[in-house]
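For this entry I set out to look up the salt bridges in a predicted model, and to note where the partners sit and how exposed they are.

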Amino acid sequence: MFRRSTVRFVVLAVAGLGLLLVARAFLSRTSLLASAATTQGANQPVIRFVKNPEMAPALQATDLLGKPVNMDHWVGKVVLVNFWATWCPPCREEIPELLELKKEFKDRLEIVGISEDDDPPASVLKFAERREVTYPIVMATQEMIDAYGGVPALPTSFLIDTQGRVVQKHSGLYPIRAYELEIRSLLGLPTDARVETFTDTGQVFLKNAANATELPGVSFKGLTAEQKKQALHRLNAESCTCGCNLTLSQCRVNDTECPVSGKLAAQVVKEVASGAKPAQTPPPKGTSSITQ
């Protein structure tokens, strides 16, 4: 009797151990699959476009070869408006990549170079011919720069979708792989990237800094909702004195390292928190330069 019970116990124990090992293997596999899915999601590239994008500023000019350049001719194409200059090392480094993009997407992509050179057009043309630039280049005017309202550095490129809307802006060198993903997405081509949208609060057009509820390097901690509203109103109405001809909000977005706008913005928040009246300031400068 004892021996039979012992044998039965051993059999049940072995069976239980087997079930435990099977369950453990199943859970381990499930965990690995979940981990792989999480890793895949973490490694998935993300591209970001403006939610409710604005139409691109009108562009009617003549390129370096005397040919007309008109945005109306590019309906249905993705357009890359590239502000650059021959004296800008990152701009020169970027040219071969832009040419590769043009070669890859052919007639579905248009690139327009807007040269901010002070040299005469003939010098810029000579440079472009040496670099075998195939896309049109026009000389920048203040009206063009003002229309795009926010060219903080060179190169700066504005990405325009097939409906003529500005969906993104990239300042400085931008990876060609990222450009490819964005262009493919706008053309409706297959891509492994996930698309996210954001509200433009000055990242694309500086004038939209007025819509921001947060600003780089500005702490609204301790303010009530009403006080924060007052502080933002002042930051969008008062000028930075660093010489940028922008409002304090615009300067914080345009140059996050500017010590002048940082100090003045902190002073505005302090005055609002204490209930002190603002000192008399001159009217905002540069408003017309970013109005579209």
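I looked first at Lys228 and Glu214, whose side chains meet in a salt bridge with an N to O distance of 2.6 Å. Lys228 lies in helix H6 and Glu214 in the loop between E10 and H6, so this pair ties together parts that are 14 residues apart in sequence. For accessibility I noted a relative accessible area of 22% for Lys228, which is partly exposed, and 48% for Glu214, which is also partly exposed; since the buried class ends under 20% and the exposed class begins over 50%, I record both values with their class.

I then turned to Glu54 and Lys207, and found their side chains joined in a salt bridge at 3.1 Å, N to O. This pair links distant parts of the chain, 153 residues apart, with Glu54 in strand E2 (residues 54–55) and Lys207 in the loop between strand E10 (194–198) and helix H6 (225–237). Glu54 counts as partly exposed at 27% relative accessibility, and Lys207, with a relative accessible area of 26%, is partly exposed as well.

My next entry concerns Arg194 and Glu196, whose side chains form a salt bridge at 3.1 Å, N to O. Here I read 34% relative accessibility for Arg194, which counts as partly exposed, and a relative accessible area of 30% for Glu196, likewise partly exposed.

Finally, I searched the whole structure and obtained 9 salt bridges. I also noted a network of salt bridges that links Lys77, Lys102 and Glu110.

Definitions and conventions
Residues numbered from 1 in each chain as written. Predicted model: local features only at pLDDT ≥ 70, side-chain atom pairs only at ≥ 80, totals over all residues. Heavy atoms only, no water. Salt bridge = Lys/Arg side-chain N within 4 Å of Asp/Glu carboxyl O. Helix = DSSP H or I, 4+ residues; strand = E, 2+ residues; numbered from the N terminus. Buried < 20%, exposed > 50% of the residue type's maximum accessible area, 1.4 Å probe, protein only.
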